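Please take a moment with the sequence and the model that follow before reading on. The paragraphs after them go from the overall fold to the strands, the cores, a cavity and a few prolines.

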Amino acid sequence: MRAGPFTKSFTLQSNDRNRPGLALTGTVQVRAAVHYEPLAISFGELPRRGGPQERSIRIRRGDAGPLNPELVTNPSQSFETSIREIEPGTEYELTVRVTPPWPQAGVRGQVVLRTGVPQQPQIAVSVIGTARPVARVMPASLRVGPAVPANAPRAIRVLWDPGEVGTITGAQATDPAIGVRIEGEGLQLRVEVDIPEGYAPAQPLGQKIIITTNHAEVPRLEVPLLVLPARPGTPVPPPASVRPAGLAPTTAVDE
């Protein structure tokens with residue numbers, strides 16, 4: 001809840017026939033040890049070919065005494081942070097800086113600050129930014145299993161963001177019962193997936209197709225397999241073959 005006045009209306013019910021309900025309005029003053037807005041730092045959509053981006057928020061003293069903010073470092077975060085003193089103990093500016101290349105999934109994380117105020121010893125500011133991926137797979141997942149028609153599409157394409165140059169260099173499946181091969185040329189290059197009839201893996205979770213590329217930012221793309229069990233009462237044909245667990249042989253594009 002934000003600091004400041006908070007108003008709430010409510011009704012009291014009684015056994016008074018003349019006034020069975022009494023509408024009342026209550027107002028309270030919400031206090032806070034630290035004031036900061038917005039509550040999150042948003043970069044929106046980051047330009048793929050843009051330079052470093054910065055966003056800042058102000059952190060101000062609340063009702064619990066002077067501030068003494070200190071950044072809690074997080075070596076795994078994908079951005080840089082800094083804090084600038086504007087008025088000692090009263091007002092500070094937190095700045096977050098992100099630098100390309102952006103992660104495929106965009107920028108996600110939190111900035112944690114120790115405030116130096118016992119009533120609110122730390123605050124966490126969310127950081128978010130989306131980025132158009134360098135490449136994405138189509139479809140994003142494949143439905144397989146006894147409940148999926150045998151003639152269901154089994155081709156995977158890699159779609160590149162405009163201005164990006166890359167190609168498929170190899171493909172493999174985590175289940176050796178699944179065959180993969182690379183077909184086509186140029187923009188028509190695709191990964192064809194061969195699913196055995198009656199495919200029902202002993203370990204349905206975590207199965208995927210792994211595609212490798214020659215692009216430094218996205219050397220690997222994954223397409224999860226969604227294994228759909230047969231409907232109750234539906235006969236399931238036995239698997240075409242039983243093979244030991246492990247990765248299927250890699251299919252690579254001839255250079």
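Two strands are taken to pair if DSSP finds at least two bridges between them. In this predicted model, that criterion applies to strand S3, residues 34–37, and strand S5, residues 53–61, which run antiparallel and are joined by four bridges. Within this pairing, valine 34 has arginine 61 of S5 standing opposite. Strand S3 also has two faces that differ in their cover, with Val34 and Tyr36 on the covered face and His35 and Glu37 on the uncovered one.

The wider setting is a protein with 19 strands and zero helices. Of its 255 residues, 33% count as buried, and among the contacts between residues at least 6 apart in sequence, 62% join residues at least 24 apart.

Where do the nonpolar side chains gather? In soluble globular proteins, nonpolar side chains tend to be buried together. Here the largest nonpolar core has 24 residues, and those with the most contacts inside it are Ile156, Ile178, Val191, Val193, Ile209 and Ile211. The elements that give two or more residues to this core are strand S11 (135–138), strand S12 (142–144), strand S13 (155–160), strand S14 (168–173), strand S15 (179–183), strand S16 (190–194), strand S17 (208–213) and strand S18 (220–227). Apart from this core lies another, of 23 residues, which includes Ile59, Leu67, Val107 and Val117.

Several pieces of the larger core's surroundings can be followed from isoleucine 156, which, leaving aside residues up to four places away in sequence, touches Val137, Met138, Pro139, Leu142, Arg190, Val191, Val193, Ile209, Ile211 and Val223. Strand S13 pairs with S11 in the antiparallel sense over four bridges, and arginine 136 has leucine 159 of S13 as its bridge partner. S13 also pairs with S16, again in the antiparallel sense, over three bridges, with arginine 157 standing opposite arginine 190 in S16. Proline 139, one of the residues touched by isoleucine 156, lies in the loop between S11 and S12, and the peptide bond that joins methionine 138 to proline 139 is cis, with omega about 0°.

A cis peptide bond is also found from glutamate 37 to proline 38, where omega is near -5°. Proline 38 has its place in the loop between S3 and strand S4, residues 40–46, while glutamate 37 belongs to the uncovered face of S3.

What empty space is left inside the structure? Rolling a probe the size of a water molecule over the atoms shows where empty space is left. A search of the whole structure finds one cavity of 30 Å³ or more, and the volume of the largest cavity is about 30 Å³. Its lining consists of Val34, Ile59, Leu67, Pro69, Leu113, Thr115 and Ile123, which divide into six nonpolar residues, one polar and no charged. Val34 of this lining is on the covered face of S3, and Ile59 and Leu67, also in the lining, are among the residues of the 23-residue core.

A last proline brings together parts of the chain that are separated in sequence. Proline 100 lies in the loop between strand S8 (91–98) and strand S9 (107–114), and its C-alpha atom is separated by 6.4 Å from that of proline 52, 48 residues apart along the chain. Not counting residues up to four places away in sequence, proline 100 touches Gly50, Gly51 and Pro52. Is proline 100 buried, partly exposed or exposed? Proline 100 counts as partly exposed because its relative accessibility is 27%, which falls between the 20% limit for buried and the 50% limit for exposed residues.

Notes:
Residues numbered from 1 in each chain as written. Predicted model: local features only at pLDDT ≥ 70, side-chain atom pairs only at ≥ 80, totals over all residues. Heavy atoms only, no water. Buried < 20%, exposed > 50% of the residue type's maximum accessible area, 1.4 Å probe, protein only. Contact = heavy atoms within 4.5 Å. 1 Å grid on protein atoms, 1.4 Å probe; cavity = no way out; pocket = protein on both sides within 12 Å on 5 of 7 lines; lining within 4 Å. Points joined across faces, edges and corners; volume = space filled by probe spheres on them. Nonpolar A, V, L, I, M, F, W, Y, C, P; charged D, E, K, R; others polar. Core = buried A, V, L, I, M, F, W, Y, C linked by side-chain atoms within 4.5 Å.
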